[in-house]
Amino acid sequence: MTEAPRPLRVAVIGSGPAGIYAADLLTKSEEVRTGAVPVAIDIFDRYPAPFGLIRYGVAPDHPRIKGIITALHKVLDRGDIRFFGNVEYGKDLSLADLREHYDAVIFATGAIEDAKLPIPGIDLDGSYGASDFVSWYDGHPDYPRTWPLKAEQIAVLGNGNVALDVARVLSKHAEDLLVTEIPENVYEGLKVSPVTDVHVFGRRGPAQMKFTPLELRELAHSRDVDIVLYEEDFVFDAASEEAMANDNQVKVMMKTLNKWLEEQKERTEHASRRLHLHFMQSPVEILGEDGAVTGLRVERNELDGKGGIKGTGEYIDYPMQAIYRAIGYFGSELPEIGFDPKKGVITNVEGRVVDEDGNAVPGLYATGWIKRGPVGLIGSTKSDALETITHLLSDRENLYTAPEPDAQSFSAYLDSKGIRYTTWEGWHRLDEHEKSLGAAALDAAGEPRARVKVVDRDEMVRISCGE
C-alpha cells in the first residue's frame with residue numbers, strides 16, 4: 001500500500017484579495033483536488049481582522065466593492081485554510097521562522113505607501129498622501145483617530161479611482177455616510193469640516209481618464225454637491241478621437257461628462273458644496289506661507305496627438321488650504337526579501353522571488369500588487385495569483401523542506417513567543433460585534449446601521465479573543 005504524501009505546508013503573508021485568492025486557487029488546483037498534492041495553508045496578516053485592501057483601502061460608500069468581502073469570507077469559512085491575525089512578518093515572524101515551519105511562502109502584502117511627487121512645497125503642512133487619508137476614513141488601526149479637516153478649498157491630485165474616492169468623501173456631507181460602516185471618530189471629524197470646494201486635477205484630457213465609469217457616475221449621487229466642469233478642458237486630438245470611437249469605457253465616461261456639461265449650463269439652483277473636475281493641468285508647485293499650504297500652481301497642458309501631453313508654459317494659481325496626493329501607491333520593502341526600489345515590488349519573475357543575480361529563491365513567491373505593482377482592478381488579482389500558484393506547484397518536488405506538519409504546531413509556536421494572535425473564529429466574534437454596534441446606532445434617516453467598524457487594535461484583539 002502506497003503511503004499518502006504529506007501535506008505541502010504553505011504560508012501566505014497577507015489576507016487581502018491577493019492572499020486569499022492565492023490560497024483558494026491552490027486548494028482548487030487539479031493536483032490538490034485529486035489528492036496528488038495535499039496542502040496545509042495558513043494565512044497571516046499584520047492586522048487583527050482579515051481582508052486587507054477591502055477593509056482598509058476601499059471607500060466606505062462602495063458597498064458593491066465591499067461585497068467582495070462576501071466571496072473572500074466564504075473561502076476562509078470553509079475551514080481548510082487557517083487565519084492568524086495580528087501577526088506581522090519582520091516583527092513577530094522572521095524568514096527563518098517561516099522556513100522552519102513551511103515548505104513555501106507566498107508574499108501578498110500589497111502596496112500601501114503613496115507614490116512620491118517631487119515638486120516644491122510637497123512637505124508643507126496641509127499636504128497629504130491619499131493613502132494616509134484613506135487609512136483614516138477606513139478605520140485603520142495604526143493611524144491617528146483624528147484628521148485635520150480645516151480647509152474650505154481642497155485639491156486632489158490624480159485621475160484614478162482613489163482620487164475620486166478621496167474627493168467624494170471630502171465633499172460629501174458626513175450624515176450621508178452614516179449608512180456605511182464608517183467609524184464614529186471619522187463621522188465626527190467629517191461633520192465639522194468647513195469644506196466648500198474640492199478640485200480634482202488630471203494631467204491629461206477627458207479621453208485619457210484613469211477612473212472607471214462606475215466611479216465617475218457615483219460622483220453625481222452625492223447630495224447637495226454640484227459637479228463643476230470647464231469647457232476649455234474638453235479639447236481632443238486624433239488619439240482622443242480614436243479612444244472615444246473605439247473604447248467603450250471612454251465612450252460611456254464621455255457621455256456622462258457631456259451630460260453634466262449640459263446640465264451645468266441649465267443649473268439655476270446651487271448646492272452648498274462643489275466638486276470640480278479639471279483636466280489638462282499638471283501640478284508644478286504647492287504654494288505656502290508660514291509653513292502651511294495656501295495654494296496650488298499648475299501648468300496648462302496640451303495634447304501631443306499621440307495620446308500624451310506637453311506643457312504650454314501657461315501657469316495658473318488656485319487658492320487652496322489642503323492638497324491630497326492620489327497619484328498611485330507604492331510597495332514596501334520586506335526584511336530579507338529582494339526589493340526593486342524603482343517599481344516598489346518584490347524582485348520576482350512571474351511570481352517566483354529571485355535574488356540579485358536573477359536566480360529563483362527556492363520556496364519564496366509573490367502575488368498581487370507587491371508582485372506586479374499597484375495596477376489593475378481587484379478582480380485581475382485572480383489571474384495574477386493563478387500564475388504564481390502554477391509555478392509553486394511545478395516546483396513542489398523541491399519544496400518539501402519543513403518538518404512533518406502538525407496542525408497545532410504553529411499555534412503553539414506563536415504562544416511560546418507571547419504573540420496575541422487572532423483567528424478566523426475571532427473574526428466571527430469581531431464581525432458580530434461590529435454588526436451589533438451598527439444595530440444600536442442610527443443613520444440620518446433613523447434606521448439602524450449595518451455595521452460600525454472598531455478601530456482600536458487592542459480592542460479588536462480583545463473582542464476577537466473573547467476577552
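These numbered points go through the sheets, helix packing and selected residues of a predicted model.

1. Six-stranded sheet. One open sheet has six strands in the order β6-β14-β7-β8-β10-β9, and the pairing is parallel. Its edges are β6 (127-129) and β9 (225-228), each of which pairs on one side only. On average, neighbouring strands of this sheet are turned by 20° against each other, direction ignored.

2. Inside that sheet. Strands β7 (residues 153-157) and β14 (residues 322-325) pair in the parallel sense, over four bridges. Within this pairing, Leu157 stands opposite Arg325 in β14. Helix α8 (residues 161-171) lies across β7, β8 (197-201), β9, β10 (273-278) and β14. The direction of α8 is at about 160° to β10. Angles over 145 degrees count as roughly antiparallel, so α8 and β10 run roughly antiparallel.

3. Seven-stranded sheet. A second set of strands also forms an open sheet, with seven strands in the order β3-β2-β1-β4-β20-β19-β18 and mixed pairing. Here the edge strands are β3 (81-84) and β18 (348-349), each pairing on one side only. Strand β2 (residues 39-44) pairs with β3 in the parallel sense over four bridges. Asp42 has Arg82 in β3 as its bridge partner. Helix α14 (residues 381-394) lies across β1 (8-13), β4 (104-107), β19 (352-354) and β20 (360-366), and runs at about 150° to β20.

4. α1 against α14. Two packed helices are described by the angle between their axes and the distance between the axes. The axes of α1 and α14 come within 9 Å and cross at roughly 50°, and the two helices are therefore oblique to each other. The crossing is right-handed. On the α1 side the contact involves Pro17, Ala18, Tyr21, Ala22, Leu25 and Leu26; on the α14 side it involves Thr381, Lys382, Ala385, Leu386, Ile389 and Leu393. By class, these are 10 nonpolar residues, one polar and one charged.

5. α1 against α5. Helix α1 (residues 17-28) also packs against helix α5 (residues 68-77), with axes that come within 10 Å and cross at roughly 40°. This makes α1 oblique to α5 as well. Here the crossing is left-handed. Pro17, Ile20, Tyr21 and Asp24 of α1 meet Ile68, Leu72, Val75 and Leu76 of α5. The residues of this contact comprise seven nonpolar, no polar and one charged. Pro17 and Tyr21 are listed in the contact with α5, and also in the contact with α14.

6. Helix α7. Seven of the eight residues of α7 (residues 130-137) are buried, so this helix is largely enclosed by the rest of the structure. The buried residues are Ala130, Ser131, Phe133, Val134, Ser135, Trp136 and Tyr137. Just after the helix, Gly139 takes a positive phi of about 70°.

7. Leu190. This residue lies in helix α9 (residues 184-191). Its relative accessibility is 3%, so Leu190 counts as buried; the cut-off is under 20%. Leaving aside neighbours within four places in sequence, Leu190 is in contact with Trp136, Leu149, Val169, Ala174 and Leu177. Of these partners, Trp136 is one of the buried residues of α7. Leu190 and Lys172 are 18 residues apart along the chain, and their C-alpha atoms are separated by 8.7 Å.

8. The β12-β13 hairpin. Strand β12 pairs with strand β13 (residues 309-319) in the antiparallel sense, over eight bridges. Glu299 has Tyr315 in β13 as its bridge partner. The hairpin has five residues between the strands, and Gly305 takes a positive phi near 85°.

9. Val293. This residue is found in strand β12 (residues 292-303). Val293 is buried, with a relative accessible area of 6%. Apart from neighbours within four places in sequence, its contacts are Leu124, Asp125, Gly126, Ser127, Ile286, Leu287, Gly288, Met320, Gln321, Ala322 and Ile323. Among them, Ser127 falls in β6 (127-129), an edge strand of the six-stranded sheet, while Ala322 and Ile323 fall in β14 (residues 322-325). Val293 and Arg449 are 156 residues apart in sequence, with C-alpha atoms 37 Å apart in space.

Note on methods
Residues are numbered from 1 along each chain as its sequence is written. This is a predicted model: local features need pLDDT of at least 70, side-chain atom pairs count only at pLDDT 80 or more; totals for chains, interfaces and linings use all residues. Side-chain values use heavy atoms; hydrogens and water are left out. Buried means under 20% relative accessible area, exposed over 50%, partly exposed in between (1.4 Å probe, protein chains only). Contact means heavy atoms within 4.5 Å. Axes are lines fitted to C-alpha atoms, for helices over the stretch in contact, and angles run from 0 to 180 degrees between N-to-C directions. Angles under 35 degrees count as roughly parallel, over 145 as roughly antiparallel, 65 to 115 as roughly perpendicular and the rest as oblique. A crossing is left-handed if the near helix is turned anticlockwise from the far one by less than a right angle, and right-handed if clockwise. Ala, Val, Leu, Ile, Met, Phe, Trp, Tyr, Cys and Pro count as nonpolar, Asp, Glu, Lys and Arg as charged, and the others, Gly among them, as polar. Two strands pair if DSSP finds at least two bridges between them.
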